[in-house]
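Subject: Structure handover

Hello,

Here is the structure for you to look over. My notes come after it.

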Amino acid sequence: MHHTNYIVREPLLDPAQRVIGYELLWKQGGQAVPDAELEQLVAFVAEHVNDDERGWLLRDKQLFLDAVPAMLSTDALFNLPPEHTVLSLQARCLNDADARAAVKAVRAGGVGISLRGLDVKHLTPALAPYASHVEMRFAGIDVAAQARSYAAAKQASLRMVGRPVTNWIDYDACAALGLDAFVGKLHLTPRPGNPVKGLNPAQTIILQLMQMVQNNDDIPKLEGVLKRDPALTYKLLRNINSAGFGAGRDVQSIRQAISLMGYAPLYRWLTLLLAGASASGYSPVLMETAVVRGRLTELLGLHALPRSEGENLFVAGMFSLLDRLLGLPMKEVLETIPLPPEVVRALMAREGMYGPYLALAEACELSSNLVGALAGSLDISPLEVNKAHLSALAWAQAVTQ
């Protein structure tokens, strides 16, 4: 079914605004797929985020996947690490004795179970053998009152997931009342009351370096700027000496580090640092979203564009959230950072060479029915979109740790 269905994702936030996992859904034409096809999602995810040699590629993240009792014994489920896997079931499934037995067996193996559609009066110790999480679906305007009733009934063995938590006032109320995780569009919503930050000193130096790299300034000039920021120098040397970079020898000089890294990888690294240096109160989730979006835009674009366009595709994806990270309108951001005209077109109107790929990457975040239409217009198959999506998720974990 990965040849016709698209993966879309939503992040789960903890009370500290960190991304603790992702809910992955199958979508076809904007609609949820039939229950019989859910097993294919588990198999596809297991194949692409659990590597035989490197293990679980999503680090400490949990994946929440829709399930039905009939698929709880599927072989694909055993290819996912149980401590990072949570299957979401309708609570009414537990009315069936065979389903209860299957759920209990899966829980005994360490796989998480999240129950949906559970009335608050049923939050009792009797759920412990069957559930690790309980989804609290909020309706109406008084989310805080609903959360209070859930919190009062909460059992220590159950983690509560609130949905949809769509604004920061409700998020703060739910966090204070003890809910453990939150699903909504908070990662794209600035916190009210946050003052506009603009560029802080660290970002100013990073931006200067990016401009110098774009201008192909020589290494001694880059070295001179880097030496003004010990923290930045430390990060550069730590990156070049990391196992992931694979320099193969201990690099101790800035000049040597720049030479080994090269200008294109250096520019990408600086792009990541620019976004990560934000002092924004909601930057942990926003930063990770930007990294995934940047990498996914790049992977989708390289389906048809030359590899030399990869850097601009990545920057278009990353910088599409830079206005929120910096607390500045996108127009002001683009006045501060000189970018190629095609990148600007993508950022301002999702047009030009890179814009459609950025739009597709965004659609994958929003459970949008646009995913299929955008992918079709770009002649990218569902299989290629899904592989790129999971690859981008894995890549983001490696660079944001």
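What follows is a short account of the findings, grouped by region.

One caution: this is a predicted model.

**Salt bridges**

How many salt bridges are there? The count comes to 23. In general, side chains of opposite charge can pair when their charged atoms come close.

Start with Arg116 and Glu23. Their side chains form a salt bridge, with 2.8 Å from N to O. This pair ties together distant parts of the chain: Arg116 sits in strand β8 (residues 112–116), Glu23 in strand β2 (residues 19–28), and their positions lie 93 residues apart. Both Arg116 and Glu23 are buried.

Next, Glu135 and Arg137. Their side chains also meet in a salt bridge, at 3.6 Å from N to O. Glu135 has 6% relative accessibility, so it counts as buried; the cut-off is under 20%.

Then Arg268 and Glu311. The closest N and O atoms of this salt bridge are 3.0 Å apart. Again the pair links distant parts of the chain: Arg268 is in helix α9, Glu311 is in helix α11 (residues 310–319), and they are 43 residues apart. Arg268 is buried, at a relative accessible area of 13%.

Which residues are joined into one network by salt bridges that share partners? They are Glu23, Asp66, Arg116, Glu135, Arg137 and Arg163. Two pairs described above, Arg116 with Glu23 and Glu135 with Arg137, have their residues in that network.

**Glu298 and Glu288 in α10**

Helix α10 (residues 283–301) holds Glu298. Glu298 is buried because its relative accessibility is 6%. Beyond its neighbours within four places in sequence, Glu298 contacts Arg268, Gly310, Leu313 and Phe314. Note Arg268 in that list; it is the salt-bridge partner of Glu311.

Glu288 is in α10 too. Its relative accessibility is 7%, so Glu288 is also buried. Which side chains make polar contacts with Glu288? Tyr22 does, at 2.8 Å. Lys61 does as well, at 3.4 Å.

**Helix α7**

Helix α7 covers residues 230–240, and its buried residues are Leu232, Thr233, Leu236, Leu237 and Ile240. Viewed down the helix axis, these fall within an arc of 130°, so they line one face of α7. The general background is simple: an α-helix has 3.6 residues a turn, so residues three or four places apart point the same way.

Which residues are exposed on the other side of α7? Pro230 and Tyr234.

The buried residues of α7 pack against four helices: α5 (201–214), α6 (219–226), α8 (254–261) and α9 (263–276). Of these, α9 is the helix that carries Arg268.

Look at the start of α7 as well. There, a side-chain oxygen of Asp229 comes to within 3.1 Å of the backbone nitrogen of Ala231.

**Helix α1 and Leu77**

Helix α1 runs over residues 38–49, which makes 12 residues. From first C-alpha to last it reaches 17 Å, close to the expected 16 Å. Its buried residues are Leu38, Leu41, Val42, Phe44, Val45, Ala46 and Val49.

Val42 leads on to Leu77. The C-alpha atoms of Leu77 and Val42 are 6.5 Å apart, though 35 residues separate them along the chain. Where is Leu77 found? In the loop between β6 (62–66) and β7 (85–90). Is Leu77 buried or exposed? Buried: its relative accessible area is 6%. Apart from neighbours within four places in sequence, Leu77 is in contact with Val42, Leu72, Thr85, Leu87 and Val106.

**Cysteines**

How many disulfides does the whole structure hold? The search finds 0.

Cys174 lies in helix α4 (residues 168–176). At 0% relative accessibility, Cys174 counts as buried. Leaving out neighbours within four places in sequence, its contacts are Phe138, Val143, Ala147, Leu179 and Phe182. The C-alpha atoms of Cys174 and Trp269 are separated by 36 Å, and the two residues are 95 apart along the chain.

Cys93 has 17% relative accessibility, so it counts as buried. The cut-off matters here: buried means under 20%.

Best regards

Terms used:
Residues are numbered from 1 along each chain as its sequence is written. This is a predicted model: local features need pLDDT of at least 70, side-chain atom pairs count only at pLDDT 80 or more; totals for chains, interfaces and linings use all residues. Side-chain values use heavy atoms; hydrogens and water are left out. Helices (H or I, at least four residues) and strands (E, at least two) are DSSP runs, numbered from the N terminus. Buried means under 20% relative accessible area, exposed over 50%, partly exposed in between (1.4 Å probe, protein chains only). Contact means heavy atoms within 4.5 Å. The arc is that of the directions from the helix axis to the C-beta atoms. A polar contact is a pair of N or O atoms within 3.5 Å; within protein, one must be able to donate a hydrogen and the other to accept it, and residues adjacent in sequence count only if both atoms are side-chain atoms. A disulfide is a pair of cysteine sulfur atoms within 2.5 Å. The expected span of a helix is 1.5 Å times one less than its number of residues. A salt bridge is a side-chain nitrogen of Lys or Arg within 4 Å of a carboxyl oxygen of Asp or Glu.
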